[in-house]
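Dear colleague,

Please find below the model that I promised to hand over. My notes on what was found in it follow directly after.

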Amino acid sequence: MQINKETVQNINNDAFPSHQRRFNYLADEINNVETIIQKLIAFNIAIPSWALGTGGTRFGRFSGGGEPRSLEEKIEDVGLIHALNRSSNSISLHIPWDIPDNAPSIKALASQLGLHFDAVNSNTFQDQPNQALSYKFGSLHHVDKAVRQQAVEHNIEVIKYGEELGSTALSVWLADGSNFPGQLNFRNAFQTTLESLQQVYAALPDDWKIWIEYKPYEPNFYSTTIGDWGQSYLLANKLGAKASTLVDLGHHLPNTNIEQIVSLLLMEGKLAGFHFNDSKYGDDDLTVGCINPYQLYLIFNELVEGLDARNLNHATGIGWMIDASHNVKDPVEDLLQSVEAIKIAYAQALLVDQDKLKQAQLNNDVARAQEILQHAYRTDVRPLLAEARLRAGGALQPLEVFRSLKVRENLIQERGLKTVTTGL
Ligand code: RM4
Ligand code: MN
Ligand code: MN
């Protein structure tokens, strides 16, 4: 199924009068409304190929119906999301869950839907059928050189797939770690990881980047070899200019000040980008902004300030991706909500009066600084997002249009009720 512009426009017409009222009211209150809208139009977030189906937990998986059965159908789903929100113009692939067997035709399908390929992700956290050696005790850090070599070769293969599709970044997340004290020598594990990554790094094409993700625990519960941003940053520094640290919002221990991490990585030119999601306890992979939208906003405040300080383009300066998993919601609806939440936080951060905030900081005027931040956060910026979508040819109310066009019902008809997609 595809959604065409005319259909969206017709539905927009009904919602337009009330949108216009709310937009005009807000536009009156803001000085640089046009600049903000242009920035919102330019701002896109990549959709992960592994989030288009229903995710499972270790207790079970409840398929949703009409799930994409192939890479082509996953791309179609991203096309649907993008047609509605005009803010999701790329897809991030996970290999081998989504091997592009015929790259030219996959690329053509994507570009016909206005999409391109974001970072490619390698997977050395699972064994694949017919795989010679097991990753049970790790991959790039494995004590056996042959296993490390197999994992290095996999990463190089992922780069090759990415090159064929026009990607320019490899993101690496390792499950490598230990479950019990004494299982590993930490220094050796770090050192072998570095050596393996150096081989992958050497295979990067000139214009490519390698993004190194960290995570404190799961699936290993005593140590993770790239467990926090310090370890990732250390590796990225040793590797060189093409390497940087990827922040997945779910990969921190509770109450970590993520915005501070982000601010410093950005200052050092080592912030690769984001895997957005939200969480209550751990790597819950919940819809962005559903638990702690204020934290997301504080992160965006650091991003806007930090990107401006380095003169980087907000839309392209770093990588913007979602990494989520849905147990009970329609994946497409969930992703629409996530993109909306990200752009709300971004728009609010754009409203912050940075000059006044700096002044308050210099004066140690703590109450004023808090007022400035919270004033922007408490502004309902949704009419700005809707206006940006409208101008870009998207829907004023993406989720409502998804429902009124009965998109899921159509997908179920096309694909069947009991379809299963690749992923976790
Ligand atoms: C991990 C990590 C990776 C993602 C896998 C599926 O926890 O977030 O980015 O590729 O899950
Ligand atoms: Mn991630
Ligand atoms: Mn994760």
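Leaving aside residues up to four places away in sequence, Leu303 touches Val262, Leu266, Leu271, Phe274, Ile318 and Trp320, where contact means heavy atoms within 4.5 Å. Leu303 has its place in helix H9 (residues 293-309); helices here are DSSP runs of H or I with at least four residues, strands are runs of E with at least two, and both are numbered from the N terminus. Leu303 counts as buried because its relative accessibility is 0%, the term buried meaning under 20% relative accessible area with a 1.4 Å probe and protein chains only. Between the C-alpha atoms of Leu303 and Ser279, which are 24 residues apart along the chain, the separation is 20 Å.

Before the metal site, a word on conventions: this is a predicted model, in which local features need pLDDT of at least 70 and side-chain atom pairs count only at pLDDT 80 or more, whereas totals for chains, interfaces and linings use all residues. Residues are numbered from 1 along each chain as its sequence is written, chains are lettered from A and ligands numbered from 1 in the order in which they are written, and side-chain values use heavy atoms, with hydrogens and water left out.

The manganese ion (ligand 2) has as its protein donors Glu213 (OE), Asp248 (OD), His275 (ND1) and Asp323 (OD), at 2.1 to 2.3 Å; donors are N, O and S atoms within 2.8 Å of the metal (3.2 Å for Na, K and Ca), and since water is not among the atoms, sites may look incomplete. The site is octahedral, with angles of 72 to 166° among its six donor atoms, a term that for six donors requires opposite donors over 155 degrees apart and all others between 65 and 115. Along the sequence, the donor residues of this ion follow the spacing E-x34-D-x26-H-x47-D. Glu213 in strand S6 (residues 209-213) and Asp248 in strand S8 (residues 243-248), 35 residues apart, form a pair that links distant parts of the chain, and both Glu213 and Asp248 are buried. The manganese ion (ligand 3) lies 3.9 Å from the manganese ion (ligand 2).

Turning to ligand 1, the residues around it include Trp97, Trp173, Lys215 and Asp283, each with a heavy atom within 4 Å of the ligand. An oxygen atom of ligand 1 is 2.6 Å from a side-chain N or O atom of His94, and for His251 the corresponding distance is 3.1 Å.

With best regards

Terms used:
Tetrahedral: all angles 85-135°; square planar, octahedral: opposite > 155°, others 65-115°. Buried < 20%, exposed > 50% of the residue type's maximum accessible area, 1.4 Å probe, protein only. Polar contact = N/O pair within 3.5 Å; in protein donor to acceptor, adjacent residues only side chain to side chain.
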